[in-house]
Every structure is written in structure tokens, then in C-alpha cells.
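Got your viewer open? Here's a short walk through one chain, with something to select at each stop.

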Amino acid sequence: MLWGVEDHVTERFGAAGVAKEDISFSRETFNFGISGTPSEFLERFRLYYGPTMNAFDAAGKNGKEAELQQELEDLFNRQNKSGNNETTLIPATFLKVTVARR
């Protein structure tokens, strides 16, 4: 998660010998979108996206799989900006890092 923190990124690249002035940042947005409900979209994450798969595996081992499912469904529904429940559009902002080569 620290790859989204500019100071951390600058420090990591600095440790590798990259000068601070050779690093630039911008905030970008990627829109996750499918023709399907937020719950259907979550199911794709549950089946195919490693971090979500790992979270469900750990939750299952602790008897909290249903709780995680509900929390993520609530999150996906709240973040859905499509304007309806039959399609899903969830914007995700990330830090784009560009390093100049010298």
C-alpha cells in the first residue's frame, strides 16, 4: 500500500540511486466496469484476484467468510457509480510514478 505514498516511493527509488528530481507523480483513475451487478463483480474478484482470494481463504479459516462477503458487497454497492444496479462502475485512484532514465 505504501507505493501510493509519494515520500515512500521517493525513498525507495532514492535507495536504488535514483535522484529525487528524476521522479514525478500524478494521480490517475482507473474505472473498473462490467455489465453485471456489484455482487457479480465481487464474485470475479473472489475467484480470480489473488489478494481477494487470499482474504477469503483467511476469512474462511477463521469462520468469517460470510462477514467478509457482506462487507465487500456493501463496499462494492456503495462505490458503484454506474447509476443502476445492473452494471458496475467503480473508480479507483492510484499513484502513477514516472522515473526518468539517465
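What follows is a tour of a few spots in this structure, which is a predicted model.

**Stop 1: the start of the chain**

Select helix α1, residues 6-15. Color H8, V9 and T10, since these are buried residues of that helix. Now bring up β1 (23-34) and β2 as well: the buried residues of α1 pack against both strands. Before moving on, click G17, just after α1. Check its backbone torsions and you should find a positive phi of about 95 degrees.

**Stop 2: two helices crossing**

Two packed helices are described by the angle between their axes and the distance between the axes. Show α2 (residues 38-48) together with α4, and fit axes if your viewer can do that: they come within 9 Å and cross at roughly 125 degrees. That angle makes α2 oblique to α4. As for handedness, the crossing of α2 and α4 is right-handed.

Next, turn on side chains where the helices meet. From α2, pick P38, S39, F41, L42, F45 and R46. Their partners in α4 are E65, Q69, L72, E73, F76 and N77. Color this set by residue type and the contact of α2 with α4 splits into six nonpolar, three polar and three charged residues.

**Stop 3: N80 and its loop**

Step along to N80, in the loop that runs between α4 (65-79) and β2 (88-99). Is N80 buried or exposed? Its relative accessibility is 12%, so N80 counts as buried.

Which residues does N80 touch, leaving aside those up to four places away in sequence? Select P38, T87, T88, L89 and I90. You have already met P38, on the α2 side of the contact with α4. Zoom in on T87 and draw a distance: the backbone oxygen of T87 lies 3.1 Å from a polar atom of the N80 side chain.

For a last pick, add P91, which is 11 residues from N80 along the chain. A C-alpha to C-alpha distance between N80 and P91 should read 8.1 Å.

Key. Residues are numbered from 1 along each chain as its sequence is written. This is a predicted model: local features need pLDDT of at least 70, side-chain atom pairs count only at pLDDT 80 or more; totals for chains, interfaces and linings use all residues. Side-chain values use heavy atoms; hydrogens and water are left out. Helices (H or I, at least four residues) and strands (E, at least two) are DSSP runs, numbered from the N terminus. Buried means under 20% relative accessible area, exposed over 50%, partly exposed in between (1.4 Å probe, protein chains only). Contact means heavy atoms within 4.5 Å. A polar contact is a pair of N or O atoms within 3.5 Å; within protein, one must be able to donate a hydrogen and the other to accept it, and residues adjacent in sequence count only if both atoms are side-chain atoms. Axes are lines fitted to C-alpha atoms, for helices over the stretch in contact, and angles run from 0 to 180 degrees between N-to-C directions. Angles under 35 degrees count as roughly parallel, over 145 as roughly antiparallel, 65 to 115 as roughly perpendicular and the rest as oblique. A crossing is left-handed if the near helix is turned anticlockwise from the far one by less than a right angle, and right-handed if clockwise. Ala, Val, Leu, Ile, Met, Phe, Trp, Tyr, Cys and Pro count as nonpolar, Asp, Glu, Lys and Arg as charged, and the others, Gly among them, as polar.
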